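Thanks for making the time; I would like to walk through a few residues with you, one after another, and then stop for discussion. Please have the sequence and the structure open while I talk.

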Amino acid sequence: QVQLQESGPGLVKPSQTLSLICTVSGASITTNPYQWSWVRQPPGKGLEWIGYVQFSGDTYISPSLKSRTSISRDTAKNEFTLQLRSVTPEDTAVYYCARVSRTSYDYWGRGTQVTVSS
C-alpha cells in the first residue's frame, strides 16, 4: 500500500520560507513512470497544482509560482520536499503531496494546514 505523509510547520511568518516534506512508503520515488506532486487548496478555493518531481529527478513547477518555488528529493530517505519562498497570507492553504500515475492522481497524503501570519 502506497502512503504519503506531509510534514512541516503549520505556521509561517510573512516573507519567510515555507518548507514541507512528503515521506513516501510502499513505493520508490525513483520508479518509472511516476511523478510526485505538490498541490494546495486555499480556504474557500479549488485545488491548485504547484509542481512535481519526476521519477528521473526532473522537476516541473507552475509558472505562477516558479520564481519562488523549489521542489527537490532525497532518494535515500524516499522523500520529496517543497520550498516556497517569500510567503504571504495568500499562501495560506492545505498542502497535499500526491503521486501521479500516467495522467491521474492515484495516491494522496492527508494534507497539512499551513497558515501564513505574523
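Tyrosine 60, in this predicted model, has a relative accessibility of 38% and therefore counts as partly exposed, since that class covers what is neither under 20% nor over 50%. The residue is part of strand S6, and its side chain contributes to a nonpolar surface patch of about 490 Å², which Tyr60 makes together with Leu47, Trp49, Tyr105 and Trp108.

Staying with strand S6 for a moment, the loop that runs between S6, residues 59-61, and strand S7, residues 69-74, holds arginine 68. Which residues does arginine 68 touch, if we do not count those up to four places away in sequence? The list consists of Gln83, Leu84, Arg85, Ser86, Val87 and Asp91, and with the last of these, aspartate 91, the arginine 68 side chain forms a polar contact, side chain to side chain, of 2.8 Å.

Let me now turn to strand S11, which spans residues 112-116 and contains glutamine 113. If we look at the two faces of S11, Thr112, Val114 and Val116 make up the covered one, whereas Gln113 and Thr115 make up the uncovered one. The value for glutamine 113 itself is a relative accessible area of 41%, and because this lies between the cut-offs of 20% and 50%, the residue is classed as partly exposed. The two residues on the uncovered face, glutamine 113 and threonine 115, are also joined through their side chains by a polar contact of 3.5 Å.

What does glutamine 113 contact once its neighbours within four places in sequence are left aside? The partners are Pro9, Gly10, Thr92, Ala93 and Val94; for one of them, threonine 92, the C-alpha to C-alpha distance from glutamine 113 is 7.8 Å, with a separation of 21 residues in sequence.

As for the pairing of S11, strand S2, residues 11-12, runs parallel to S11 and is joined to it by two bridges, with valine 12 standing opposite valine 116. Strand S9, residues 93-101, runs antiparallel to S11, and here three bridges make the connection, with alanine 93 having valine 114 of S11 as its bridge partner. Alanine 93 thus appears in two roles in what I have shown, as a contact of glutamine 113 and as the bridge partner of valine 114.

I will stop there and take your comments.

Technical notes:
Residues numbered from 1 in each chain as written. Predicted model: local features only at pLDDT ≥ 70, side-chain atom pairs only at ≥ 80, totals over all residues. Heavy atoms only, no water. Helix = DSSP H or I, 4+ residues; strand = E, 2+ residues; numbered from the N terminus. Polar contact = N/O pair within 3.5 Å; in protein donor to acceptor, adjacent residues only side chain to side chain. Contact = heavy atoms within 4.5 Å. Patch = residues over 30% accessible without salt bridge, like charges linked within 9 Å, V, L, I, M, F, W, Y side chains within 5 Å. Areas by Shrake-Rupley, 256 points an atom, 1.4 Å probe, with all protein chains shown as cover. Salt bridge = Lys/Arg side-chain N within 4 Å of Asp/Glu carboxyl O. Buried < 20%, exposed > 50% of the residue type's maximum accessible area, 1.4 Å probe, protein only. Pairing = 2+ DSSP bridges.
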